[in-house]
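I am opening a notebook on a structure that is new to me. The entries below record what I looked up, in the order I looked.

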Amino acid sequence: MANRTPFIAGNWKLHKDCADSITFAEELKRAIPQDIDVDVMVAPTFTALHPVCEALKGSPIAVGAQDMFWEAQGAWTGEISADMIRSCGCTHVIIGHSERRQFFGETDETVNAKLKAALAAGLVPIVCIGETDAERKAGKTFDVLGTQVTKGLNGIDPETLAPVILAYEPVWAIGTGNTATPEMVQEVHAFLRKSVADTTHKELANAMRILYGGSVKSGNIAELMGLNDVDGALVGGASLETESFSGIVRYK
Ligand code: PGA
């Protein structure tokens, strides 16, 4: 099995203004050991990206944006480019989160365009996919996820895909307290690794980190991380407090 470094990411969503974000970042910097053998990332709001990057300088915690636009510049009121995100000090970006898909018209095509732009700018993209409750109940989980993977990666040279991190987040598990069972998670992650192998090649699929997201907390992280094809977690609610997030990061 490929040696994949665990990756734990905290998605702050629409929480914490600039001052709160800086205070929290400083707390995390103190709470997370300098020599942690897990890759850690936080994703504050756009307006807090630069100060949080400054606050976390010299710590092992990376900073990512929660979204981005695919164009580099132009008349696109309200949008933020990959280079602008980079210029704040960020190294990562979340693309295609289910809340973007559900409430802001994100599609597999826009995910694909953003992924290309993120890679071109040298950002590490965390591409989110996941089925809704209705899709799972209708037995469409694997169709939906297979389509999200193939359309999301469509037309991208496999040689450039190495930095990509995939995040499986069943929509029904996000913010609900209903974590998917370990059996469901392992089944989907193995399927995703195979889909990536079929769309690109086996070595890339074996090396790609696949995160689970959806009601991850300090009480269930160890079991999830024990699964063969789970390489980390994308954490929402439980990433907003120092104790719970550092507990997840130090799951071993
Ligand atoms: P949650 O969110 O941990 O609050 O369920 C996960 C996510 O949306 O990334």
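My entries go from the whole chain to the ligand and then to one loop.

Entry 1, the model. I note at the start that this is a predicted model.

Entry 2, overall build. I looked up the secondary structure and found 11 helices and 8 strands. I then took the extent of the C-alpha trace, which spans about 45 × 45 × 35 Å along its principal axes. Is the protein's radius of gyration in agreement or at odds with a compact globule? I find agreement, because a compact globule of 252 residues would have a radius of gyration near 18 Å and the protein has 17 Å.

Entry 3, where the ligand sits. I checked the pockets and found that the ligand takes up the space of the second largest one. Around the ligand I list 13 residues. The closest of them are Lys-13, His-97, Glu-169, Gly-175 and Ser-215. I sorted this shell by residue class and got 4 nonpolar, 7 polar and 2 charged residues.

Entry 4, contacts of the ligand. Which atoms lie 2.7 Å from an oxygen atom of the ligand? I find a polar side-chain atom of His-97 at that distance, and a polar side-chain atom of Glu-169 at 2.7 Å from a ligand oxygen as well. For Gly-236 I note a backbone contact: a polar backbone atom of this residue is 2.8 Å from an oxygen atom of the ligand. I also looked up how far the ligand is covered. On its own the ligand has 280 Å² of accessible area, and the protein covers 95% of that.

Entry 5, the loop with Lys-13. I went back to Lys-13, one of the residues closest to the ligand. I place Lys-13 in the loop between strand E1 (7-11) and helix H1 (18-31). Its phi is positive, about 50°, although Lys-13 is not a glycine. Lys-16 is also in the loop between E1 and H1. For Lys-16 I note a positive phi of about 75°, again in a residue that is not a glycine.

Note on methods:
Residues numbered from 1 in each chain as written. Predicted model: local features only at pLDDT ≥ 70, side-chain atom pairs only at ≥ 80, totals over all residues. Heavy atoms only, no water. Near = heavy atom within 4 Å. Polar contact = N/O pair within 3.5 Å; in protein donor to acceptor, adjacent residues only side chain to side chain. Areas by Shrake-Rupley, 256 points an atom, 1.4 Å probe, with all protein chains shown as cover. 1 Å grid on protein atoms, 1.4 Å probe; cavity = no way out; pocket = protein on both sides within 12 Å on 5 of 7 lines; lining within 4 Å. Sits in = over half its atoms within 2 Å of the grid points. Nonpolar A, V, L, I, M, F, W, Y, C, P; charged D, E, K, R; others polar. Helix = DSSP H or I, 4+ residues; strand = E, 2+ residues; numbered from the N terminus. Rg over C-alpha atoms; globule rule 2.2 N^0.38 Å.
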